[in-house]
Amino acid sequence: MRYLVTGGAGFIGSHVALTLLDAGHDVVILDNLSTGHRKAIPSGAQFEHIDLVDSSAVDRLVAQGPWDAVLHFAAISLVGASMAEPYHYLRQNTLTSLNLIDACTKYGVKRFVFSSTAALFGGVDRLPPIPDNALVDPGSPYGESKFFVERALLWADRIHGMKHACLRYFNAAGSDISGRLGEDHRPETHLIPLAIDAMLGRRPPLKLFGHDYPTPDGTCIRDYIHVADLADAHISVIDQICDRSVTYNLGNGKGYSNLEIIQSVERVSGRSVPWEWAARREGDPSVLTADFSRIHQETGWQPKINDIDTIVGSALRWRENHPNGYSD
Ligand code: UFG
């Protein structure tokens with residue numbers, strides 16, 4: 001099979017591309033390298049240095065099909081930053097996705113897998129875990145931009161018959177278990193890598209955003225899913241969308257508070273994580289955990305890495321071995 005992967009130099013896109021290559025498929029990666037890393041592009045993938053804003057370049061690449069599926073990861077994806085720059089987020093993620101969807105429908109792509117997000121459910125506090133059919137109410141412009149793309153894909157199905165899978169990731173974490181890839185965001189804003197770096201003394205003490213959320217210990221709760229499990233889910237859905245479109249939640253189904261994540265880093269490393277309280281971060285919902293029963297029932301997929309210490313341990317190993325991330 002031959003796949004086009006946008007954002008394949010980024011954290012999740014590179015892990016999915018690697019899984020596709022490991023399974024013997026051909027992979028072409030499109031990335032503008034604005035947040036991704038050239039060194040994260042798995043060997044064996046063909047790389048096209050293209051910005052999705054450039055509709056002519058996108059058109060030319062998509063025309064070089066046929067593609068068995070297009071997998072779309074490229075996006076700007078920070079909840080907090082999207083509250084500070086709402087129109088930039090809305091414009092960037094929708095415009096780039098529309099350029100791609102437009103080209104895909106023009107050249108007869110049949111299957112499209114979209115990297116969506118649990119941030120679609122961030123606007124109201126609700127009883128976890130969140131089912132696949134939960135009411136969408138984005139808590140940030142980032143979530144809103146992803147929802148717009150889901151809606152655009154609905155029209156691409158109705159009008160052009162392009163089937164899609166919208167995969168609403170909860171908190172992607174961890175690293176390739178064999179250590180080939182890792183997580184290196186610049187700036188890094190995610191809890192697990194920041195806690196690890198604080199523990200390693202590479203950063204100042206971790207700031208814990210908010211202590212008065214309506215949760216047992218007052219800190220936010222998130223559902224961490226190992227990036228290898230996310231990658232497997234992509235493979236599972238590609239077969240699923242030959243004749244219908246689907247939308248699935250992808251998580252582990254279990255939540256951990258921010259304080260529990262610090263404790264996990266301390267357990268796995270045997271060292272303490274320096275941290276201090278800080279004000280809430282705007283746009284952060286208190287609890288996000290997934291009910292992933294629909295994808296399990298329909299494809300048999302379920303997460304294999306259920307233990308938070310294993311997830312944290314894989315992230316820790318990569319960061320220990322790559323003190324400067326992909327700059328090493
Ligand atoms: N946190 C801190 N201090 C930090 C960084 C994070 O306390 O320095 C807290 C956050 O406030 C939040 C939790 O740790 O309560 C998790 O934050 P992350 O930034 O690691 O992840 P988010 O839940 O904000 O967002 C991630 C992805 C989004 C995706 C979302 C879905 O970055 O793209 O998960 O759940 F939409």
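This briefing covers the surroundings of the ligand and the main sheet. The model is predicted. A shell of 21 residues surrounds the ligand, and at least three of them come from each of domain 1 (2-173 + 225-250) and domain 2 (191-222 + 254-327). The sheet is open, with seven strands in parallel pairing.

**Around the ligand**

- The closest of the 21 residues that surround the ligand are Ala-119, His-190, Leu-191, Phe-209 and Cys-220.
- Helix H6 (191-199) and strand S8 (206-209) are the elements that give two or more residues to this shell.
- Strand S8 gives the most to the shell, with four residues.
- By residue type, the shell around the ligand consists of 11 nonpolar, six polar and four charged residues.

**The open sheet**

- The order of the seven strands is S3-S2-S1-S4-S5-S6-S11.
- Strand S3 (46-49) and strand S11 (246-250) are the edge strands, and each pairs on one side only.
- From one strand to the next, the twist averages 20 degrees.

**Strands S4 and S5**

- Strand S4 (residues 69-72) and strand S5 (residues 111-117) run parallel and are joined by three bridges.
- Val-70 has Phe-112 in S5 as its bridge partner.

**A helix on the sheet**

- Helix H7 (residues 227-240) packs on the sheet, where it touches S4, S5, strand S6 (163-169) and S11.
- The direction of helix H7 makes about 155 degrees with that of S6.

How values were computed
Residues numbered from 1 in each chain as written. Predicted model: local features only at pLDDT ≥ 70, side-chain atom pairs only at ≥ 80, totals over all residues. Near = placed C-beta within 6 Å. Nonpolar A, V, L, I, M, F, W, Y, C, P; charged D, E, K, R; others polar. Domains from an automatic or database assignment. Pairing = 2+ DSSP bridges. Axes fitted to C-alpha atoms, helices over the stretch in contact; angles between N-to-C directions. Contact = placed C-beta atoms within 7 Å.
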